[in-house]
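Here are a few short exercises to work through with the model open beside you. Try each task on your own, then walk through the solution.

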Amino acid sequence: MKTAKLILDDKEYEIPVVAGTENEPALDIRKLRDTTGLITYDPGYANTGSCKSGITFIDGDRGILRYRGYPIEELAGNVRFSAAAYLLIYGRMPSEAEFMEWRKQLTLNSFIHASQVNFFDNYSVHAHPMNILSAMVSSISSFYPHIGGENDNMDQHIHRLIGQVKTIAAFSYRKSVGLPYVYPRTDHSYSANFLRMMFATPAEEYVVPKVMENALDMLLILHMDHEQNCSTSTVRMVASSMSNIYASVSAGINALWGRLHGGANEAVLTMLQRIADDGSDYKKYVEMAKRKDDPFKLMGFGHRVYKNFDPRSKILKKAVDDVLTEMGIQDPLLDIAKNLEEVALKDDFFIERKLYPNVDFYSGILYRALGIPTEMFTVLFAIGRMPGWIAHWLEMSKDPDLRIQRPRQVYTGETLRHYEKTIYP
Ligand code: SDX
């Protein structure tokens, strides 16, 4: 076995080096504290592997993203989202018969419990749809108390989570605009069902335009998984204490909501609109993003892992042009986004820090073209990421190395002192 040497206070320690199927080396420090008395200090876990996983492979330097070994470029735009979801969760592509049964179960299990539909009547009118989504997903388990029991059917929970996340999203939108709920149909694909549930009017048959159905399939696949990102790591953290899958995923939804993570797609649109309202002076905002004293960041730019380009952003940039052209849409915000990207990629500040457009930079333009309201962009991210969260929850539940996640710390507080009795009035 390969080892690394650690020398501390003239003592020498050997640390095993492990590697996965892509030969990425890692120090196995599981016995570090026991053998050396040391822990590691790694804010944001930028250098720390929390687990072994066979779901998604990312190479940030080469801009590689693969789901179960398949390059993202071969899946996005070429397969239905529900087929890619099956691949991610079960590790292989479904046969046609398996696909049709899987799609049918996703639809049949996408009906929210009738009592839970009433919850929509009692959220604040100001409630953000991500707020509603995390609360509703966590509440699903209250209607299935046998979850985790010996006869529990995990496949049905998977069907419910993937099926109902789109129903909750669509119903929260319909409620917000005062429209009646539209229910899914087994003769529609996952994406066609969602678009129909969002935009159909009961007064007439609503045919989902193919260009929109295919664009949504591609968007959802691009967001499906991204190894140990913040929200997936949150799902794993909560799952490690043996919380049920609904509670774990609900926590992931809340982590995704943050503007540094999934909330960035909504923040990008807000940023582009702000620049548009400010005379489209995009160069001014590139300069603002460089100033230390200015909290403004170029939303949709930068990534912890990708240091050359985010392959998803490349796919999205082309898709935005194709879809908007086919739909006959001219969006001035797209021109601003392209100008921002062009100026930033030539600027030393961004080049030195390896800041490139990430998945959130162009996705909002496409969601907007599909008629999705800006405050729902991160909800769409959650719909796409659901199969990834489920796949990681399942992988973790079977992991022989599974332990409750409990990081250590470097203590910087008060050292020992004694309480001097104070008589408070
Ligand atoms: C997602 O992890 C994943 O895989 C996430 C995701 C997924 O699929 O799950 O890919 C989805 O969350 C994409 C990221 C969406 N977030 C944004 O677009 C928000 C804007 N980007 C940043 O806040 C930032 O780039 C992060 C959060 C994405 C990454 O942060 P890091 O890795 O902690 O990097 P950092 O903040 O330490 O930045 C390094 C330097 C700093 O400058 P210096 O202190 O070295 O001078 O780059 C600067 C930062 O100030 N910087 C930016 C910037 N991003 C980083 N400066 C201006 N604009 C930016 N967007």
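How many salt bridges does the structure hold?

**Solution.** Begin with the ground rules. This is a predicted model, in which local features need pLDDT of at least 70 and side-chain atom pairs count only at pLDDT 80 or more, while totals for chains, interfaces and linings use all residues. Residues are numbered from 1 along each chain as its sequence is written, and side-chain values use heavy atoms, with hydrogens and water left out. Next, apply the criterion: a salt bridge is a side-chain nitrogen of Lys or Arg within 4 Å of a carboxyl oxygen of Asp or Glu. The count comes to 25 salt bridges.

**Exercise 2.** Take three salt bridges, Asp 28 with Arg 30, Glu 98 with Arg 92 and Asp 294 with Arg 291, and state how buried or exposed each partner is.

**Solution.** Step one is the scale: buried means under 20% relative accessible area, exposed over 50%, and partly exposed in between (1.4 Å probe, protein chains only).

Step two takes the pairs in turn.
- In the pair Asp 28 and Arg 30, the closest N and O atoms are 2.5 Å apart. Asp 28 is buried at 17%, whereas Arg 30 is exposed at 57%.
- Glu 98 and Arg 92 meet at 2.6 Å, N to O. Glu 98 is partly exposed at 29%, and Arg 92 is partly exposed at 40%.
- For Asp 294 and Arg 291 the N and O distance is 3.5 Å. Asp 294 is buried at 18%, and Arg 291 is partly exposed at 41%.

A last step goes beyond pairs: Arg 80, Lys 210, Glu 213 and Asp 217 are linked in a network of salt bridges.

**Exercise 3.** Describe the surroundings of the ligand and its polar contacts with His 303, Arg 304 and Asn 358.

**Solution.** First, collect the shell, made of residues with a heavy atom within 4 Å of the ligand. There are 24 of them, and the closest are His 226, Lys 292, His 303, Arg 304 and Arg 312.

Second, sort the shell: nine are nonpolar, seven polar and eight charged. Here Ala, Val, Leu, Ile, Met, Phe, Trp, Tyr, Cys and Pro count as nonpolar, Asp, Glu, Lys and Arg as charged, and the others, Gly among them, as polar.

Third, look for polar contacts (pairs of N or O atoms within 3.5 Å). Oxygen atoms of the ligand lie 2.6 Å from a side-chain N or O atom of His 303, 2.7 Å from a polar side-chain atom of Arg 304 and 2.9 Å from one of Asn 358. The protein covers 76% of the 1,100 Å² of accessible area that the ligand has on its own (Shrake-Rupley method, 1.4 Å probe).

Key: Polar contact = N/O pair within 3.5 Å; in protein donor to acceptor, adjacent residues only side chain to side chain.
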